[in-house]
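Me: I would like a close look at one part of this model, with enough of the rest to place it. Please keep it plain.

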Amino acid sequence: MNTATSASMRITIAAASGDQVSLGSYPTYAQAQSVIERLADQQFEVETTEIIGNDLRMVEHVTGRLTWPRALIGGIGSGAWFGLFVGLLIDILTTVSFGRALLFGLVWGVIFGGCYAAVSYGLIAGRRDFTSRSAIVPSRFEVLVAATHSDRAHALLAASPR
């Protein structure tokens with residue numbers, strides 16, 4: 001058994017048994033990451049640590065208003081890219097010329113992408129007329145270490161400069 005495998009097994013066993021100790025809780029991921037970096041700089045077995053995001057919440061950032069032109073342009077654009085991909089596959093797998101294969105894929109991709117966008121937007125128009133991005137965001141990050149390594153981790157953190 002190599003060192004990486006045995007370290008991985010120790011972490012799995014520690015996590016399964018709940019045999020971990022908190023080194024601290026931080027409001028940002030960067031702060032939690034810096035704790036691990038400080039330990040790594042002092043040759044600590046960082047494989048025994050974890051960063052856990054707590055108090056998760058879903059955040060949706062509204063990026064703009066969705067209108068018929070915007071929906072159709074988005075559908076046509078994505079259809080065109082997919083059509084070009086299909087055209088390349090046709091060129092590779094058949095004896096059709098490169099230009100004809102790309103043109104065929106592009107034209108049909110634009111048609112299907114535009115139709116799909118029109119139907120999709122037509123079904124939801126009036127109920128969700130905006131675009132957005134969503135993410136799951138923790139409010140705090142906790143740094144955990146295997147209990148067998150906690151005393152050394154606490155000592156190294158106390159002695160290291162911030």
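What is the relative accessible area of R128, and in which class does that put the residue?

Reply: The model is predicted, so everything below is computed from a prediction. R128 has a relative accessible area of 35%, which makes it partly exposed. The class follows from the cut-offs: buried means under 20%, exposed means over 50%, and partly exposed is what lies in between.

The side chain of R128 has a partner. R128 and E60 meet in a salt bridge, with 2.8 Å from N to O. The two ends sit in distant parts of the chain, R128 in the loop between α4 and β3 and E60 in strand β2, 68 residues apart. E60 is also partly exposed, with a relative accessible area of 35%. In general, side chains of opposite charge can pair when their charged atoms come close.

The count of salt bridges in the structure is two. Besides R128 with E60, R152 forms a salt bridge with E45, where the closest N and O atoms are 3.0 Å apart. R152 belongs to helix α5 (residues 150–159) and E45 to the loop between α2 and β2, so this pair ties together parts that are 107 residues apart in sequence. R152 is partly exposed at 37%, and E45 is partly exposed at 28%.

To place the loop that holds R128, start with the helix on one side of it. α4 covers residues 98–124. The helix has 27 residues and reaches 39 Å from its first C-alpha to its last, close to the 39 Å expected at 1.5 Å a residue. After α4 comes G126, which has a positive phi near 95°.

Part of α4 is buried: A101, L102, G105, G109, G113, G114, A117 and Y121. The cover over these buried residues includes α3 (68–93). α4 also has residues of another kind. L106, found in α4, is partly exposed, with a relative accessible area of 30%. L106 helps make a nonpolar surface patch of about 670 Å², together with L103, F104, V107, W108, I111 and F112.

On the other side of the loop is strand β3 (residues 130–146), which contains F141. The structure holds four aromatic pairs. One of them is Y29 with F141, an edge-to-face pair at 5.6 Å centre to centre, with 75° between the planes. Y29 lies in helix α2 (residues 29–41) and F141 in β3, so the pair ties together parts that are 112 residues apart in sequence. The two rings differ in cover: F141 is buried, with a relative accessible area of 13%, whereas Y29 is partly exposed at 44%.

Strand β2, where E60 sits, has a backbone feature to note. D55, also in β2, has a positive phi of about 55° although it is not a glycine. D55 is exposed, at 56% relative accessibility. Q43 also has a positive phi, of about 65°, and is not a glycine. Q43 lies in the loop between α2 and β2 (49–65), which is the loop that holds E45. At 64% relative accessibility, Q43 counts as exposed. For background, most residues other than glycine have a negative phi.

Finally, the chain as a whole. The secondary structure comes to five helices and three strands, in the order α-β-α-β-α-α-β-α along the sequence. Of the 162 residues in the chain, 26% are buried. The accessible surface is about 10,700 Å², and 64% of it belongs to carbon and sulfur atoms. Among contacts between residues at least 6 apart in sequence, 83% join residues at least 24 apart. The pair of R128 and E60, 68 residues apart, links distant parts of the chain as well.

In short, R128 is a partly exposed residue in the loop between α4 and β3, and its side chain meets that of E60 in a salt bridge.

Methods. Residues are numbered from 1 along each chain as its sequence is written. This is a predicted model: local features need pLDDT of at least 70, side-chain atom pairs count only at pLDDT 80 or more; totals for chains, interfaces and linings use all residues. Side-chain values use heavy atoms; hydrogens and water are left out. Patches are made of residues with over 30% relative accessible area and no salt bridge: like charges are joined within 9 Å, nonpolar side chains (Val, Leu, Ile, Met, Phe, Trp, Tyr) within 5 Å. Accessible areas come from the Shrake-Rupley method with a 1.4 Å probe; for residues, only the protein chains shown count as cover. A salt bridge is a side-chain nitrogen of Lys or Arg within 4 Å of a carboxyl oxygen of Asp or Glu. Helices (H or I, at least four residues) and strands (E, at least two) are DSSP runs, numbered from the N terminus. Buried means under 20% relative accessible area, exposed over 50%, partly exposed in between (1.4 Å probe, protein chains only). The expected span of a helix is 1.5 Å times one less than its number of residues. Contact means heavy atoms within 4.5 Å. Rings of Phe, Tyr and Trp (its six-membered ring) pair if their centres lie within 6.5 Å; planes under 30 degrees apart count as stacked, over 60 as edge-to-face and the rest as tilted.
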